[in-house]
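The following note is offered to a colleague who is meeting this structure for the first time. Its points are numbered so that each may be checked against the model in turn.

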Amino acid sequence: MSREPAGLRADGGHERPVRAGVIGVGSMGTNHARVYAELRDVELVGVADADVDRAAEVAADFGTDAYGIEDLLDRVDVVTVAVPTPYHESVARQCIDAGVHALVEKPFVDDLDAGAELAALAEDRGVVLQVGHIERFNPAVRALPDLLDGVDPIAITANRLGPPLNREMGDGVVMDLMIHDIDVVLSLVGAEVDRVAATATPDEQYATAQLTFENGVIASLTASRLTQQKTRTLDITARDRLIRVDYLNQSVQIFRQSRPDYLRDNGGVRYRHEVVMEQPMISTGEPLKRELQAFVDAATDGGPVLVSPADGLRAIDLARRIEADAESTVRSVETAENAENAETAENAENADSSEGRQ
């Protein structure tokens, strides 16, 4: 089924509003509905959800209508897929078959081969398929390519920490939180990962990973749902500077190398080492709004797809490598502890037997 594209006016607007919808209106999907309703030249035509009462409630909140998926796809040009991850593949395929451009929330799919098939199908049908890695649209992250021009990173450190959630989470902390930093780091380094070393708590609520890239860059990533202070930072170390990104404040600080010197002070000698810090001006704004605007532009005006299915698949593949290594480490620790406990029990039993013989 072909889709009539939204035409362009001479002033850069559209001849008619771009018709948008959202499939899956949980917490994230509801935010997508809100932003579509706010975007210029976009009309939120409707929402869909397996929970029809929830769909009706969200539709009423934003002055739109609730539909089944097929009926919604008949009415829209673009759609966000924000259903639970196991259903991403089937719903995205429905969108592509209907000729509707789709933004699929992260993680892109459960099955990497199926994700590659979706990407090929979308390209064959001329349908834009974008993956919802929202941190790529954080203004501070968008500023990094210019700030890293001519800079060779040595190491990258990412911390994504926060307190326990009061709702059930299907994914562990790697696939839910760390995957944001995985995607950002992969986009910045531009090389394949050579080695992975990771560990995590048995409940998968806290995880760390050390990555070594083929070009020599090393990265250390930590994600937590157990930390009482919310932190979202990214540090990029080069030989002559440290670039620090604060995702929450949408700010960047650059700490430049300064030379230490010795000063004479009242006949004595004093050591001084000053820190030179710059803070570039960042045009702040809501990352989700920038993400959806970029998606609409790609779908209607032929703009670039800034987070492609290939990007989404690379992030999932690395997240799974991290999860597998962390699980292996946890098993090794548990096996060692069990062996130690068994040895202690055996020693105690032997001691009791010896005392009995005496």
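**Notes on the predicted model**

1. Strand S7 is mostly covered, with 5 of its 7 residues buried. The model discussed here is a predicted one. S7 makes a convenient starting point, and its two pairings are described next.

2. On one side, S7 pairs with S10 in the parallel sense, over 7 bridges. Within this pairing, Ile-156 stands opposite Ala-219 of S10. S7 also pairs with S11, here in the antiparallel sense and again over 7 bridges. The bridge partner of Ile-156 in S11 is Ile-236.

3. Asn-159 belongs to strand S7. Is Asn-159 buried or partly exposed? Its relative accessible area is 24%; the cut-off for buried is under 20% and that for exposed is over 50%, so Asn-159 is classed as partly exposed. Apart from neighbours within four places in sequence, Asn-159 is in contact with Thr-222, Thr-231, Arg-232 and Thr-233. Asn-159 and Thr-208 are separated by 49 residues in sequence, and their C-alpha atoms lie 9.3 Å apart in space.

4. The wider setting of S7 is an open sheet of 8 strands with mixed pairing, in the order S8-S9-S10-S7-S11-S12-S13-S16. Strand S8 (193-200) and strand S16 (276-278) are the edge strands, each pairing on one side only. From one strand to the next, the twist averages 15°.

5. Within this sheet, strand S9 (residues 206-213) and strand S10 (residues 218-224) run antiparallel and are joined by 7 bridges. Thr-212 stands opposite Ile-218 in S10. Helix H8 (residues 173-189) lies across strand S7 (155-161), S8, S9, S10 and strand S11 (231-237). The angle at which H8 runs to S10 is about 155°.

6. A second open sheet has 6 strands in the order S3-S2-S1-S4-S5-S6, and its pairing is parallel. Its edge strands are strand S3 (65-66) and S6, each of which pairs on one side only. Strand S1 (residues 18-23) pairs with strand S4 (residues 78-81) in the parallel sense over 4 bridges. Ala-20 stands opposite Val-78 of S4 in this pairing.

7. Which residue lies in the loop between strand S6 (129-132) and helix H6 (139-142)? One such residue is Glu-135. Its relative accessibility is 10%, and because the cut-off for buried is under 20%, Glu-135 counts as buried. The side chain of Glu-135 forms a polar contact of 2.9 Å with the side chain of Arg-160. Leaving aside neighbours within four places in sequence, the residues in contact with Glu-135 are Val-141, Arg-160, His-180, Val-184 and Tyr-247.

8. The last point concerns a pair of helices. Helix H4 (residues 88-97) packs with helix H5 (residues 112-125) at an angle of about 10°, their axes being 10 Å apart. Angles under 35 degrees count as roughly parallel, and therefore H4 and H5 are roughly parallel to each other. H4 contributes Glu-89, Ala-92, Arg-93, Ile-96 and Asp-97 to the contact, while H5 contributes Ala-114, Glu-117, Leu-118, Leu-121, Ala-122 and Arg-125. By class, the residues of this contact of H4 with H5 comprise 6 nonpolar, no polar and 5 charged.

Terms used. Residues numbered from 1 in each chain as written. Predicted model: local features only at pLDDT ≥ 70, side-chain atom pairs only at ≥ 80, totals over all residues. Heavy atoms only, no water. Buried < 20%, exposed > 50% of the residue type's maximum accessible area, 1.4 Å probe, protein only. Polar contact = N/O pair within 3.5 Å; in protein donor to acceptor, adjacent residues only side chain to side chain. Contact = heavy atoms within 4.5 Å. Pairing = 2+ DSSP bridges. Axes fitted to C-alpha atoms, helices over the stretch in contact; angles between N-to-C directions. Parallel < 35°, antiparallel > 145°, perpendicular 65-115°, else oblique. Nonpolar A, V, L, I, M, F, W, Y, C, P; charged D, E, K, R; others polar.
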